[in-house]
Amino acid sequence: MQRVASQQLEMFIKRDFLDEAHCEALIALIEKQRRPSAISNYNGDDAFRTSETCDLDQADEAVARLEAMLEQMSAIDPRHGEPLQGQRYETGQEFKGHTDYFEPFSAEYEEFCAVAGQRTWTFMIYLNAVEAGGATRFKAIDKTIRPQPGKLVAWNNVYDDGRPNPATIHHAMKVRKGRKYVITKWYRARPWG
Ligand SMILES: O=C(O)CCC(=O)C(=O)O
Ligand SMILES: [Fe+2]
């Protein structure tokens with residue numbers, strides 16, 4: 001695990017966290033079962049998040065194995081984890097600049113955080129190399145991360161006191177050529193339920 005140099009944001013990167021066969025198995029699951037991605041606070045921009053999402057099932061061996069690896073790597077209580085998701089971007093698709101935390105005191109916070117509380121850490125794994133585009137850009141810390149199969153990126157969305165860190169804003173940039181697949185794992189301040 002490599003710490004990214006930033007005063008503003010706690011972020012780590014680990015290359016080759018997953019091997020190619022594991023990535024391929026997860027891509028196959030995402031291909032089998034995907035739906036249009038949702039956003040929690042619609043802002044009137046229908047092109048804000050154009051990707052597709054897959055809710056992954058623990059009963060699949062590749063998913064259970066990844067959960068076990070994340071549990072070991074993160075040292076975060078697995079009960080605080082949301083179920084694993086896959087995200088798939090076709091050429092031209094993106095997820096514009098956003099934060100993974102929910103805005104405190106907002107309607108979305110009431111709706112999505114009542115039980116489990118705020119999102120804390122994001123763990124994201126790229127499953128493939130994208131022919132062109134598809135990088136994840138953190139503009140506040142001037143950091144752009146390029147997709148590489150098996151690469152894990154983890155960052156803390158909140159400060160030690162639990163308040164959200166706006167420097168976590170990130171943009172899943174448009175895929176220019178090819179397709180992009182990632183895994184997302186979000187953790188909460190309290191058990192998921
Ligand atoms: O696909 C990416 O590069 C980022 C995905 C993301 O930010 C999200 O799903 O919240
Ligand atoms: Fe995100």
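Two residues are taken to be in contact if their C-beta atoms, placed from the backbone, lie within 7 Å. The structure described here is a predicted model. Under this criterion, and leaving aside residues up to four places away in sequence, Gly134 touches Tyr89, Pro147, Met173, Val175 and Lys180. Gly134 itself belongs to the loop that connects β8 (132-133) with β9 (136-138). With 26 other C-beta atoms within 10 Å, Gly134 is buried, because the threshold for that class is 20 or more. The C-alpha atom of Gly134 is separated by 18 Å from that of Thr168, a residue 34 places away along the chain.

At the level of the whole chain, the secondary structure consists of three helices and 14 strands. The radius of gyration is 16 Å, close to the 16 Å expected from the globule rule for 193 residues, so the chain is as compact as a globular protein of that length. Along the principal axes, the C-alpha atoms occupy a box of roughly 40 × 35 × 35 Å. Buried residues account for 31% of the 193 residues. When contacts between residues at least 6 apart in sequence are considered, 77% of them join residues at least 24 apart.

Helix α2 covers residues 61-74 and contains 14 residues. At 1.5 Å a residue, a span of 20 Å is expected for α2, and the end C-alpha atoms are 20 Å apart, which agrees. The residue that follows α2 is Ala75, with a positive phi near 60°.

Residues 80-189 are listed by UniProt, in an unreviewed entry, as "domain: Fe2OG dioxygenase". In the model this span is 6% helix and 41% strand. The C-alpha atoms at the two ends of the span lie 7 Å apart.

The shell around ligand 1 is made up of Gln87, Phe95, Asp100, Met124, Thr136, His170, Ala172, Val182 and Thr184. By residue class, the shell divides into four nonpolar, four polar and one charged. Two strands, β12 (170-172) and β14 (180-188), each supply at least two residues of this shell. The members of the shell include His170 and Ala172, whose positions are the end positions of β12 (170-172). Val182 and Thr184 are also among the surrounding residues, and their positions fall within β14 (180-188). Thr136, another residue of the shell, stands at the start of β9 (136-138), the strand that follows the loop holding Gly134.

Conventions. Residues numbered from 1 in each chain as written. Chains lettered and ligands numbered in written order. Predicted model: local features only at pLDDT ≥ 70, side-chain atom pairs only at ≥ 80, totals over all residues. Near = placed C-beta within 6 Å. Helix = DSSP H or I, 4+ residues; strand = E, 2+ residues; numbered from the N terminus. Nonpolar A, V, L, I, M, F, W, Y, C, P; charged D, E, K, R; others polar. UniProt positions renumbered as here; feature names shortened; annotations may be inferred. Buried ≥ 20, exposed ≤ 12 C-beta atoms within 10 Å, placed from the backbone. Rg over C-alpha atoms; globule rule 2.2 N^0.38 Å. Expected span 1.5 Å × (residues − 1).
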